[in-house]
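Biologist: Before I rely on this assembly, could you take me through the terms you use for it and tell me how each one is justified?

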Amino acid sequence: MATRKIGEVILDVKNISLRFGGVKALTDISFDVREHEVRAIIGPNGAGKSSMLNCINGVYAPQEGSISFRGQTFSHMNSRQVAEMGVARTFQNLALFKGMSVLDNIMTGRNLKMKSNLFQQAIRWGAAEREETAQRQHVERIIDFLEIQPYRKTAVGKMPYGLQKRVDLGRALAMDPQVLLLDEPMAGMNVEEKQDMSRFILDVNDEFGTTIVLIEHDMGVVMDISDRVVVLDYGKKIGDGTPADVRQNPDVISAYLGTSH
Amino acid sequence: MLYRENGQFKSSYRSDQQIFPILQDRIAIGLLLAVAFVAIPLLSSEYLMRAIFVPFLILSLAALGLNILVGYCGQISLGTGAFMAIGAYAAYNFQARIPGMPLVFSLLLGGLCSTAVGVLFGIPSLRIKGLYLAVATLAAQFFTDWAFLRIKWFTNDSSSGSVSVAGLNVFGIPIESPVQKYLLCLGFLVVFALLAKNLVRGAIGREWMAIRDMDVAAAVIGIRPVYAKLTAFAVSSFIVGVAGGLWGFVHLGSWEPAAFNIDRSFQLLFMVIIGGLGSIMGSFFGAAFIVVLPIVLDGLPYWFGIPIDTALASHLTFMIFGALIVFFLIVEPHGIARLWSTAKEKLRLWPFPH
Amino acid sequence: MGFFLETLFGGLMVGMLYSLIALGFVLIYKASGVFNFAQGAMVLFAALAMARFYEWFPKWFGFENKILANVLAFAGAVLVMVVVAWLIERLVLRKLVNQEHITLLMATLGITYFLEGFGQTLFGSDIYKIDIGMPKDPIFVLEGMFQGGVLINKEDLYAAAIAAVLVALLALFFQKTATGRALRAVADDHQAAQSIGIPLGRIWIIVWSVAGFVALVAGVIWGSKLGVQFSLSLVALKALPVVILGGLTSVPGAIIGGLIIGVGEKLSEIYIGPMFGGGIEIWFAYVLALVFLLFRPQGLFGEKIIDRV
Amino acid sequence: MKFKSLALAATVTAVGLGALATAPAAFAQAKEQFFPLLAYRTGPYAPNGTPWANGKQDYIKMINARDGGINGVKITFEECETGYATDKGVECYERLKGRPGVTLIDPQATGITFALTDKVAADKIPLLTLGYGLSASQDGNVFKWNFPLMGSYWTAADMLIQHIGKKEGGLDKLKGKKIALVYHDSPFGKEPMPLLDERSKMHGFELQKIPVTAPGVEQKSAWLQVRQSKPDYVLLWGWGVMNSTALKEAQATGYPRDKMYGVWWAGAEPDVKDVGEGAKGYNALNLNTSGQSPKVIQDILKLVHDKGQGTGPKEEVGTVLYTRGLIIQMLGVEAVRRAQERYGKGKVMTGEQVRWGLENLALDQKKLDALGFSGVMRPLSTSCQDHMGSTWARVHTWDGAKWAFSSDWLQADEQIIKPMVTAAADKYAAEKKLTRRTPADCQS
């Protein structure tokens, strides 16, 4: 980890509150993410971790608070904008495009980069074709990186869970993200799979210098790979700091008593 | 051992991205086209031409269009008939009001009109999902049914509200004989099928399918649902509109709104689902199934010389038709196209099961 | 003013009948997640059975009494609908468990074709008569208040009454009986229901039977108004905007929606229609539903959908 | 499982295509006169379509049984179910038109007629549309292949207005009156409008047009409108289930049935029988009588039904639409007979020859009596210019149990119809870039 230097604040979340009808999902959450770091969000089930990411992605519109990305401040984000600004995302319960092949799933991640219009695509001549091929090359690199070459043409629905998680990651990587939001990338994995996945995550962080925001239950993993940790409980922030600090934090301990796994 | 891709190594991504990467498929398609363009016109009787092939081709085209919307973009539509009607009546007006308007242009312009309306009725899809969306498309259906009956301008003030065309020709070549009609429709179908295939295997196709499979994730990747859904509506209703034009001009020659009523919409939905959602091939299978089956069913008694009362025959047709649909859904919910590809898979392994 | 009231009543009455058919849709959708397009065909099938049994039974068993004939015919028709429900569960639903909505929708379209064909083979395709002694001639009320009075159709009143009773019965059935509660449980969550040992298959048979019964009642009312004939199956299309408007999963929605559509249809046709040369009610109903949806995408009473990822 | 069904799909298609390929295979020189019968015995219009179709079939069977065909030429037929749908009708037509000895087509539906009008001209098969179809096609100079024998919607509308005028004591009395047209919202229902507009201009009555969306199961608002505007008369332009529904709604909204006048497609037993008393007093035009007394019907009962070869139930024989079916079939047969007089007795006539026969029909009272149609219909004679041959009809009234004639014969007014027909025909000719036929062509 020594090799990469933590940079400036890239993503700054200020006083976010989110409600569904009467239910408070998030209350006055603030934290920041620095460039190149691995930032973890932890907390028991229903703590509002995913909702937090959904706010950053613009899936949910928080009632209060603001989110700034590289200095630009938004009261609520617009998914498209977020994507264009280089924020990618994987999902807790696999939100892959089940009907499509691995290749197509990851290619979809490149769509933002593709500029040819409807007619060029319909005729698929010159520009469109070249573009496809170019993006395909890039996607193939990701496929190699994630070691899923043999599954290129299989429909993701038919693949084992662990591999689907990789495809999910691959689709996010295809966007060449600056910030990568990972929602429980290791949920329901066995030990080796977890090891592979953490390796991938760290490699991404090292090789491409991608900033990583990570939701994870497995404290072990979190403490190993993350630089700083935010702890949520019942939609409130109860801790923030280096793994070491957080380990000491009494609120965190009480929140996790018995639920540490 | 006939159907194998072993030894066909792709040296470039480009070659791997062809429509038919496997050699045997390319050959098969070549043969198919040869049959379609040469053998059928030479061999088949006038009846087959006029009553089976021409409707089959036109309805395949419409099903193709619908499949883009329902099968690829996952937006259910029960108003396909409406968009066919718009295509047909618009084309009719271009033909009737602009002297010397070439037929092909009229048809394409008709398609464009239907595109416009399609996008209009597609707008609710941004907010309404699934079955609820069906009501929007049904609104389109019933509204057009009404509009073409009531608004005289559309029908060039014909007292009965039915319109008819005559003296069709494509850049001087008359479209009178069954073979000419057949070839015209076939031409349209092949071209549009190719374009559609390109779209669905390109970037826009992936956007559609992404919206279909998991719209939230798609949005997070940066796909704009507005754009994806509305393009799907646009492309779909364009193709459907052109098909409508062909149905009116080439198949019927003279028609009234009832020719594009809700039954037509259902028929087309049947085609795409029986044939296979999200499969270009499926549109053809579906059309063939739905067009041929009823004719075969109510023809069979005569051909086997069994005297059977017409009413009973057509009631039986209804029953068998319904039963077969259920049967197919049970055996293969993903349609004939899926059966087809399973068969191909089996064929690949043949003669070694594993 | 008097005429406005008449239109209003007319709309309410027609709406009531729409509600009846919509009710069938909702019941089935709640319990089996199937959007049952065959509801219309079931109405036709049930009504045909009723009408023909009414002719046949006296012949077969040699009795004259009209009331008896009606009662027996009704009972027979109920039986038929139960059998239909049972067959549908055995031959279709059971085989299509956990398929996408659209597949199930198509299956019911298949069922529609089958029932229409089968019904007409069995019972014939002529116009048949259901005579449950409904008065056909109108009465006039409030003659004091408006000159000419307000025309009200006795038949419609009875029809409305019957519909109301039926709805009340259903409500009781769902609230009070064990089966009813089981049905509601299934509606809320299939897996959960199964896990606490509610047999889905049986539940479905029951629901479809109930829907069949509702269809029969609707069929009898419509049939005695309009005569029983193939076209009866087309009223399903009239009920569609109702279901959508009321919300696919809400029984009250079906009823309120029915009334709204019924009234909206008639008022629009009478007061707006003439400006456009008439005939607008069919699409107006749909546009009305559509407009509602734009504000409440899940319909009036449907459950709100939140995207979770 | 998958394979089984795949196999099944394969066989279905295989059998299908095989059958299709063989179905219309070219036969040897025709020995028999073939009548393709387009019918609909299913769907919203079945109750009216069925007796019509049965009448046509029974007449053919009777002719074969009684006279051994037309001057010895046996008649064959095949029925094809259209369900009143245009595209199905076109398919049926294409399926049957290729048969050897094909005679003429009676599509039994206005929509199908529109779709076939161009095709028959190309295929040289006459199109017989008795009492329906294109009103303009009365003009044989433009519509060489169409034969709207005995009347069109224009003549029908004209006669109804005349009749109402008589009731009021003179057409001039119609001034200021209000007549509502409750019509099937389709070409069939809209066809009479031009004439009614014309008449309303002439006599100064107000014409209110109230559409009923096909097939016409839901008419509440239509009849609420009638109740609102309280027209003096209602013209009912319905078909199939629409008619009985209309009568029931009329009863429900208390509109006097005896002020209602239907076209001849809204005046048969299926339209009123399940309304019963409720339809008492309702009037409709009719082109023919009903009842089993005429000789031709006796022959049919004797030679067809008593031999158990009847197409429909016995009690249906002689009903209004059944009898109309007989007439249509008889006219077809007589056209063949007439053609044989010119092109050779005992020969099978081609479509073209039959067309000439239809164009030169001369059925005077004597002939009709000989055919057993005495009293059933008016004499009729066609010509190159006039493809209608007779513009007479009568009004009959439902007394709660049966139809009974309530007027003497009415005739549509030449002065009004003729110019309209010519104008419409010219418009059509212009659209289709046709030229009017020359007198020489009339001889062919």
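Modeller: Let us begin with the elements: a helix is a DSSP run of H or I with at least four residues, a strand is a run of E with at least two, and both are numbered from the N terminus. Please keep in mind throughout that this is a predicted model. Read in that way, the elements of chain C run α-α-α-α-β-β-α-α-α-α-α-α-α from the N terminus on, which amounts to eleven helices and two strands.

Biologist: What makes chain C as compact as a globular protein of its length?

Modeller: The radius of gyration of chain C is 20 Å, and the globule rule gives 19 Å for 309 residues; the two values are close, and therefore chain C counts as being as compact as a globular protein of that length. Along the principal axes, its C-alpha atoms fill a box of roughly 65 × 60 × 35 Å.

Biologist: How do you know which parts of chain A to trust, and where is confidence lowest and highest?

Modeller: The confidence score, pLDDT, runs from 0 to 100, and against that scale the mean for chain A is 88, with 97% of its residues at 70 or more. Confidence in chain A is lowest in helix α10 (residues 250-256), where the mean is 81, and highest in strand β7 (residues 179-183), where the mean is 94.

Biologist: What makes β6 and β10 of chain A the edge strands?

Modeller: The sheet is open and has six strands in the order β6-β7-β8-β3-β9-β10 (chain A), with mixed pairing. Within that order, β6 (87-90) and β10 (236-241) of chain A each pair on one side only, and that is the sense in which they are edges. From one strand to the next, the twist averages 15°.

Biologist: Why are β7(A) and β8(A) called a pair, and how many bridges join them?

Modeller: Two strands pair if DSSP finds at least two bridges between them, and five bridges join β7(A) to strand β8 (residues 211-215) of chain A, so the requirement is met; the two strands run parallel. As an example of the register, L180(A) has I212(A) in β8(A) as its bridge partner. Helix α6 (residues 161-173) of chain A lies across β6 and β7 of chain A, and this helix runs at about 170° to β6(A).

Biologist: Which residues make up the domains of chain A, and what joins them?

Modeller: The domain assignment gives domain 1 (1-86 + 177-261) and domain 2 (98-175) of chain A, with 27 Å between their centres, taken over C-alpha atoms. Their contact takes eleven residues from domain 1 and nine residues from domain 2 of chain A. On the side of domain 1, the elements that give two or more residues are α2 (79-84) and α7 (191-208) of chain A, and α7(A) has the largest share, with four residues. By class, that side has eight nonpolar, one polar and two charged residues.

Biologist: How do you know whether chain A and chain D touch or stay apart?

Modeller: A contact requires C-beta atoms, placed from the backbone, that lie within 7 Å. Chain A and chain D do not touch, and their nearest C-alpha atoms are 19 Å apart.

Biologist: Which two chains have the most contacts, and what does the side of chain D consist of?

Modeller: Five pairs of chains touch, and the most contacts are between chains B and D. There, 43 residues of chain D are in contact with 43 residues of chain B. α1(D) gives the most to the side of chain D, with eleven residues. The residues on that side of chain D divide into 16 nonpolar, eleven polar and 16 charged.

Biologist: And what makes up the side of chain B that touches chain C?

Modeller: That contact takes 35 residues from chain B and 42 residues from chain C. α6 (130-150), α8 (203-221), α10 (262-275) and α12 (310-331) of chain B each supply at least two residues, and the largest share, 13 residues, comes from α12(B). The residues of this side of chain B divide into 29 nonpolar, three polar and three charged.

Key:
Residues are numbered from 1 along each chain as its sequence is written. Chains are lettered from A and ligands numbered from 1 in the order in which they are written. This is a predicted model: local features need pLDDT of at least 70, side-chain atom pairs count only at pLDDT 80 or more; totals for chains, interfaces and linings use all residues. pLDDT is the predictor's confidence in each residue, from 0 to 100. Ala, Val, Leu, Ile, Met, Phe, Trp, Tyr, Cys and Pro count as nonpolar, Asp, Glu, Lys and Arg as charged, and the others, Gly among them, as polar. Axes are lines fitted to C-alpha atoms, for helices over the stretch in contact, and angles run from 0 to 180 degrees between N-to-C directions. The radius of gyration is taken over C-alpha atoms; the globule rule is 2.2 Å times the number of residues to the power 0.38. Domain bounds come from an automatic or database domain assignment.
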